[in-house]
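Reader: Please take me through this structure and show how each term applied to the model is justified.

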Protein chains: 2
Amino acid sequence: MLRGTSMNDVYAVILAGGSGTRFWPASRRAMPKQLLPLAPGSNAPLIGETVRRIAPLVPQDNVVIATGQSLIDGTRNALPELAPSAFLAEPAARNTAPCIGWAASVIHRRNPNAVVMVLPSDHHIADEPGFRAVLEAALESARRGTITTVGIEPTRPDTGYGYIELGESVGPNVRRGVRFVEKPDRARAEEYVQSGRFVWNSGMFFFRAADMLQAIREHLPALADGLDHIEAAAKKGADHEQEETLRLFPQLPSVSIDVGVMEKVKAFHVVPGSFGWSDLGSWETAWDLSDKDAAGNVANELGVVVDARNNLLMDLRHDGKKRVMAAVGVEDLCIIETDDALLVIPRSRCQDVRAVVEALKEKGHDHAL
Amino acid sequence: MLRGTSMNDVYAVILAGGSGTRFWPASRRAMPKQLLPLAPGSNAPLIGETVRRIAPLVPQDNVVIATGQSLIDGTRNALPELAPSAFLAEPAARNTAPCIGWAASVIHRRNPNAVVMVLPSDHHIADEPGFRAVLEAALESARRGTITTVGIEPTRPDTGYGYIELGESVGPNVRRGVRFVEKPDRARAEEYVQSGRFVWNSGMFFFRAADMLQAIREHLPALADGLDHIEAAAKKGADHEQEETLRLFPQLPSVSIDVGVMEKVKAFHVVPGSFGWSDLGSWETAWDLSDKDAAGNVANELGVVVDARNNLLMDLRHDGKKRVMAAVGVEDLCIIETDDALLVIPRSRCQDVRAVVEALKEKGHDHAL
């Protein structure tokens, strides 16, 4: 596996604090995207798929789930195989730098030699062996002392992602990282894709825990101070640690790891990869990734489509009753059922699901948020 | 009220044997259209609205509901105000002539002076006082000894209805009937409407019970024979009557009252009327008749429409739970929810609901039929 590093030193931090409305009515305040079974062909929640996927690389006891206080119960339920100690509940949402810094600090106390991979909890990966090969290359790069990220080889000039510019090669399939760039406009995105020197920012990071803590000390000293205080409290016992975490965490600087650390470090590496990655951004993506019938429809066995094309019929109800979903003479629609809501929206409008959530707020239907 | 006739002599026969698939998923084998609350602004089933509408004209004890054996329980549940004896359950479906003949015979035994109105159970009437005025004119015409029907003044060259040609005037708003014509083609329908001499066949009939029985004896002797046998058995007691009805009814000639009697009688009268009539032929009609918001959408308070126009959102579930129905960026759709099915179909395609029912049969989903 990893040359020179015991697999026991490999840790994973799964970022599972996200909330979001793009998968309403399935996604809710208490049921964010990562807890939903949105992966094509799977009944497991996305976070369960994420943990399963990396099992060959990381001992189960070394998996850490970073989530929010309000999501802790739902997240534990989604991952019954993990011990309670696997879950870090952030007392407040402070973006990714405090979250990753805290996790790195906790892991470093457990194992000073730890090599950590940080992964989003809610993405889809079609080519899992290819994905794991990329992770291994990134871990190996991190083990050698350089913070490393994975870059997705772009398949279109998407303006919804951040990009990373690649520099010279520093090893087999490892490039020096030149810079992070925020979501570009269309013209610039096209330029990036044509150049062949840019990849999408995957939100995956790889580092020795000690290296990340050192980088935070250099570039986010206020965060380093906070983590030091929590560490000092931890040495006095678990109660002290918890108390100090609750007190300090909400005061930590709210900044992303990209902006707070990655854009400032002297050097970082990028492992470019192409493994059927999708961030599952909307119902449109869910249709896109799913197996379809000859007319382009996605439906379960109780879905009935008559003279209808390219629709997504999704029944996410939980009461176990048989229900028919019938679509006649319609095209390019997403039709989504949950226990307490129905959504009908054109595939091309899926980004506008937010508007429904806003309308529900205005109407006072908080039960459906 | 009726000159020369006591209101106690007025009877109503409500035809409630219909089944049909045009309102799937709401309409089912055991829940045909007349049992559904499809009247705009009402939670009562259509048959309940029908009975309520004629209450000023007919004593409640004189209302007879003719329905099928398999629908008897559901029909009674829909009309709890009526006595059990009000319901005639046809042992077999033999079209309208045996049904109306049987009802006329039963009523004639109760009251030899009975004047009967026969009404469909599943229509909608917007102008109820106007409707009742037309019924009174038709009853008056019937009381004078001529079988009478009501004709709907056509508002468009509809090819889905039968037409009746009007002859000379024989009284205030009463015309001699010239002939019944089956559903015409488009050109002929346009001709009919332009002529001003044609009305739509409403399926409403008015007659003295004795006159209808006499007409059946002349034009459908086999039916008259059967009814005679049932009458003879009735004289021996209720058990005999029931036994003979069960035995004979399935053998009666299966023919409509239009073809078997009305097209053959020497004379019939027509009262033309215009009272906001609709036969509620499909979900499209339900949308058409309903109150709409400024964008043309029909929805309940848990309906959320965003940038959507001219849609019908209908929640016919019965479990009492609050559920949101959201439509974003769609136009001209009917979206219908029941406890065990969902239908999404363009308004213009509502006649194709049958295709869903066929598809369900093929797939073996009999529970949803």
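**Two copies and their contact**

Author: This is a predicted model. A turn of 180 degrees, with a shift of 0.0 Å along the axis, lays chain A on chain B with an RMSD of 0.0 Å.

Reader: What makes the relation between the two copies that of a two-fold rotation axis?

Author: The turn is 180 degrees and the shift along the axis is 0.0 Å; the two copies are therefore related as by a two-fold rotation axis. Within chain A, Val344(A) has the C-alpha nearest to this axis, at 4.3 Å.

Reader: How do you know that the same surface serves both copies?

Author: Of the contact residues of chain A, 100% recur in chain B. The contact involves 38 residues of chain A and 38 residues of chain B.

Reader: How much area is buried between the chains, and which residues of chain A supply more of it than any other three?

Author: About 3,000 Å² is buried between chain A and chain B, and carbon and sulfur atoms give 62% of this area. Val324(A), Val328(A) and Leu342(A) together supply 20% of what chain A buries against chain B, more than any other three residues.

Reader: Why is the link between Asp307(A) and Arg349(B) called a salt bridge?

Author: The term requires a side-chain nitrogen of Lys or Arg within 4 Å of a carboxyl oxygen of Asp or Glu. For Asp307(A) and Arg349(B), the closest N and O atoms are 2.8 Å apart, so the pair meets the criterion. The count between the chains is two salt bridges, and 18 residue pairs are in polar contact.

Reader: Which element gives the most to the side of chain A that touches chain B?

Author: Strand S16(A) gives the most, with six residues. By class, this side of chain A has 23 nonpolar, four polar and eleven charged residues.

**Paired strands**

Reader: Why are S16(A) and S14(B) said to pair?

Author: Two strands pair if there are at least two bridges between them. S16(A) and S14(B) have four bridges, in the parallel sense, and therefore satisfy the condition. Leu342(A) has Met325(B) as its bridge partner in S14(B).

Reader: What makes S7(A) and S8(A) a pair as well?

Author: Six bridges join S7(A) to S8(A), and the strands run antiparallel; since at least two bridges are needed, they count as paired. Ile164(A) stands opposite Phe180(A) in S8(A). The hairpin of S7(A) and S8(A) has two residues between the strands, and Asn173(A) takes a positive phi near 60 degrees there.

Notes:
Residues numbered from 1 in each chain as written. Chains lettered and ligands numbered in written order. Predicted model: local features only at pLDDT ≥ 70, side-chain atom pairs only at ≥ 80, totals over all residues. Heavy atoms only, no water. Least-squares fit on C-alpha atoms with pLDDT ≥ 70 in both. Contact = heavy atoms within 4.5 Å. Buried area = accessible area lost by both parts, 1.4 Å probe. Polar contact = N/O pair within 3.5 Å; in protein donor to acceptor, adjacent residues only side chain to side chain. Nonpolar A, V, L, I, M, F, W, Y, C, P; charged D, E, K, R; others polar.
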